[in-house]
Amino acid sequence: MQSGFRKQRTTTDQLVRLESFIREAVVQKQHAVAVFFDLEKAYDTTWKCGIMKALFDAGLRGRLPLFIQGFLQNRLFQVRLGSHMSDSFDQEMGVPPGSILSVILFALKNKLNRQKSVPWS
């Protein structure tokens, strides 16, 4: 469940959820198992064309894919250190950080990719 980068949500929400899960297991004298994944630079390395292909494969047509394509294209960024600004850089890969649409596109692309995978035998 995603909490980071969502309005009115923080990573603390997940800590509270985990604590409740553990407490419930202790009360019921059961084991609690948790698995954590840190997807380092996951948003930075998401393939933009792959997002568009996943949306197309899911049957999405019309203006929304054009809006999303525009959202992903021609993204520039700069870094400020004190009062100094860096040169502009093109964000060739990935989705823009800090946008709820980026979270949704990342999750959607990965969900659609998992649905296409060959199940374990």
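Student: Why is R23 called exposed in this predicted model?

Tutor: R23 has a relative accessibility of 54%, and because the exposed class takes values over 50%, R23 counts as exposed.

Student: What makes R23 and E19 a salt bridge?

Tutor: The side chains of R23 and E19 meet at 2.8 Å, N to O, and since a salt bridge needs a side-chain nitrogen of Lys or Arg within 4 Å of a carboxyl oxygen of Asp or Glu, the pair qualifies as a salt bridge. The two residues are 4 apart in helix α1, so about one helical turn separates them. An α-helix has 3.6 residues a turn, so residues three or four places apart point the same way.

Student: Why is E19 called partly exposed?

Tutor: E19 has a relative accessible area of 40%, and because the partly exposed class lies between the 20% and 50% cut-offs, E19 is placed in that class.

Student: How many salt bridges does the structure hold, and what makes D57 and K53 one of them?

Tutor: The structure holds 2 salt bridges. The side chains of D57 and K53 meet at 2.7 Å, N to O, and because the cut-off is 4 Å, this contact counts as a salt bridge. D57 and K53 are 4 residues apart in helix α2, and therefore about one helical turn separates them. D57, at 38% relative accessibility, counts as partly exposed, and K53, at 46%, also counts as partly exposed.

Student: Which residues of helix α2 are buried?

Tutor: In helix α2, which covers residues 48–57, the buried residues are K48, G50, I51, M52, A54 and L55, a label that calls for a relative accessible area under 20%. Of the 121 residues of the protein chain, 21% count as buried.

Student: Why is S102 called buried, and what is S102 in contact with?

Tutor: S102 has 0% relative accessibility, and because buried means under 20%, the label follows for S102. S102 is found in helix α4, residues 100–116, and, leaving aside its neighbours within four places in sequence, S102 is in contact with F71, V95 and P96.

Student: How do you know that the charged end of R75 sits over the ring of F71?

Tutor: The charged end of R75 is 5.0 Å from the centre of the F71 ring, and because the distance cut-off is 6 Å, joined to a limit of 35 degrees from the ring normal, the distance meets its part of the test, while the arrangement as a whole is listed as a charge over the ring. R61 likewise lies over the face of F56, at 3.6 Å from the ring centre.

Student: Why is L66 called exposed, in contrast to buried?

Tutor: L66 has a relative accessible area of 56%, and since exposed means over 50%, L66 belongs to the exposed class. L66 has its place in helix α3, residues 63–72, and its C-alpha atom is separated by 9.3 Å from that of M52, 14 residues apart along the chain.

Student: What makes F21, I22 and V26 a nonpolar patch?

Tutor: F21, I22 and V26 form a nonpolar patch on the surface with about 280 Å² of accessible area together. For I22, which lies in helix α1, residues 11–27, the relative accessible area is 39%, and because patch members need over 30%, I22 passes that requirement while still being classed as partly exposed.

Student: What makes the phi of K29 noteworthy?

Tutor: K29 has a positive phi of about 55 degrees although it is not a glycine. Most residues other than glycine have a negative phi. K29 is found in the loop between α1 and α2, and at 77% relative accessible area K29 is exposed, because the cut-off for that class is over 50%.

Student: Where is N74, and why is N74 called exposed?

Tutor: N74 is in the loop between α3 and β1 (76–77), and N74 too has a positive phi of about 55 degrees although it is not a glycine. Its relative accessible area is 71%, and because exposed means over 50%, N74 is given that label.

Conventions:
Residues numbered from 1 in each chain as written. Predicted model: local features only at pLDDT ≥ 70, side-chain atom pairs only at ≥ 80, totals over all residues. Heavy atoms only, no water. Buried < 20%, exposed > 50% of the residue type's maximum accessible area, 1.4 Å probe, protein only. Patch = residues over 30% accessible without salt bridge, like charges linked within 9 Å, V, L, I, M, F, W, Y side chains within 5 Å. Areas by Shrake-Rupley, 256 points an atom, 1.4 Å probe, with all protein chains shown as cover. Contact = heavy atoms within 4.5 Å.
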